[in-house]
Amino acid sequence: MAPNEFFQVETTPSCDISPRGVLVIHGGAGELCPDRYPPELQAQYRVSLRAALLAGHKILSAGGSALDAVEATICVLEDDPLFNSGRGAVLNAAGKVELDASVMCSFPDETRRTASVTLVNRTKNPIRLAKMAYLSSEDTVHVVHSAPYIETLAEKWGLEMVQESYFHTPTRDEQYANKNTGDYTGAAKGTVGAVALDSNGHMAVGTSTGGKGGKLPGRIGDTPIPGAGYWCSDLPASRQSHFLRRERTTGMGISGTGDGDYFLRYAVCHEIYARMNLLGEDLESAARHVLREVGNVGGQGGVVGLTAEGEVVMEMNCSGMFRGWIDLNEGVPRVGIFSEDIVE
Ligand code: ASP
């Protein structure tokens, strides 16, 4: 008797529940305390987070793809000097910006295609460059692309190019000049990330950062490294009964922020996926477990993520994470900053 003779095997392409469009974002995590973020500044962050969510929602509600929604959302945050990505990114030890960005999609999963860019300093929106590297399989089959060459492709692809000075803001220049202040050192917050689920049930993740303030020139963080700063993949959610084995597929997407050197060493985002895949944990439990483990050795940060069923997860092991989410049908952006903020 063949091993599978007792079983009928069904495979469905997506989750059982009809997918709902959802978008979840972060704008950096760390020790956020109300002293350093007074109410007026908090209000500015909330306005910015809502604007980013609405930009992504506009794409999703017009039937657009998760990848396009992630790009539109992150562009708003990259253009906003409040965040450590695009304009307003932190400066490295030489007083220059070096930007990292990445994208990954759950579809088509067989290829596990993802693309990232690093050490970028001329492309206005690094997330667009990561997306183009992802889509332009004729120009590149690689995963991680460093400047300067990737920015010659950015020009070829017609992306908006700027001088390195465009990314500088008075606040960041001042932090560099007085190196012991504000966000210049490891305390920088403001990396941005987005995870979207579109109405076709496909997911995409995008993340963009200036990295750590005062980093050595050439330092590459977790944001452009798959499995460290991000991950997005289908995974099996099998259920077995005596005579019927249904092979169901679910999925997860996750974007991280925090001390990237820890996220790299602990492969944080892949570890979360692996716990779901191998141990059958749900996204929230897996994220909590891994963040606790990293937090115990001194790595602060957080993640935002989605499952293919549209469950939203926003977890952190520190006192705050700029974050928010929006549901396609409802269209109301919900945002929060401190860990105790209820964002539902
Ligand atoms: N993870 C980023 C990096 O280390 C920084 C951050 O998320 O705040 O490059």
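Biologist: In what order do the strands of the open sheet of 4 strands run?
Modeller: This is a predicted model. Its open sheet has 4 strands, and their pairing is antiparallel. Read across the sheet, the order is β8-β11-β12-β13.

Biologist: Which strands stand at the edges of the sheet?
Modeller: Look for strands with a single partner. Such a strand has one side left without a neighbour in the sheet, so it sits at an edge. Two strands fit: β8 (230-236) and β13 (312-316).

Biologist: How much does the sheet twist, on average, from one strand to the next?
Modeller: The sheet in question is β8-β11-β12-β13. From one strand to the next, its average twist is 15°.

Biologist: Which residue in β13 is the bridge partner of V304?
Modeller: Start with strand β12, residues 301-307. β12 pairs with β13 in the antiparallel sense over 5 bridges. In β13, the bridge partner of V304 is M314.

Biologist: Which helix lies across β11, β12 and β13?
Modeller: Two helices need sorting out here. Helix α7 (residues 268-279) lies across β8, β11 and β12, at about 10° to β8. The other helix covers residues 283-296 and runs at about 15° to β13. The helix lying across β11, β12 and β13 is α8.

Biologist: How much of the ligand's area does the protein bury?
Modeller: First, see what surrounds the ligand: 10 residues, with T191, R219, D222, T257 and G258 the closest. By class, this shell has 1 nonpolar, 6 polar and 3 charged residues. A polar side-chain atom of T191 lies 2.8 Å from an oxygen atom of the ligand. Taken alone, the ligand exposes 270 Å², and the protein buries a share of 98%.

Biologist: Which residue places a polar backbone atom 2.8 Å from a nitrogen atom of the ligand?
Modeller: D222 uses its side chain: an N or O atom there is 2.7 Å from a nitrogen atom of the ligand. That leaves a backbone contact to name. The polar backbone atom at 2.8 Å from a ligand nitrogen belongs to G258.

Biologist: What is omega for the peptide bond that joins A147 and P148?
Modeller: P148 is in the loop between β5 (144-146) and α4 (149-156). Most peptide bonds are trans. The bond joining A147 and P148 is cis, with omega at about 10°.

Biologist: Where is L119, whose phi is positive?
Modeller: Most residues other than glycine have a negative phi. L119 has a positive phi, near 60°. Its place is in residues 114-120, which form strand β4.

Technical notes
Residues are numbered from 1 along each chain as its sequence is written. This is a predicted model: local features need pLDDT of at least 70, side-chain atom pairs count only at pLDDT 80 or more; totals for chains, interfaces and linings use all residues. Side-chain values use heavy atoms; hydrogens and water are left out. A residue is near a molecule or strand if one of its heavy atoms lies within 4 Å of it. A polar contact is a pair of N or O atoms within 3.5 Å; within protein, one must be able to donate a hydrogen and the other to accept it, and residues adjacent in sequence count only if both atoms are side-chain atoms. Accessible areas come from the Shrake-Rupley method with a 1.4 Å probe; for residues, only the protein chains shown count as cover. Ala, Val, Leu, Ile, Met, Phe, Trp, Tyr, Cys and Pro count as nonpolar, Asp, Glu, Lys and Arg as charged, and the others, Gly among them, as polar. Two strands pair if DSSP finds at least two bridges between them. Axes are lines fitted to C-alpha atoms, for helices over the stretch in contact, and angles run from 0 to 180 degrees between N-to-C directions. Contact means heavy atoms within 4.5 Å.
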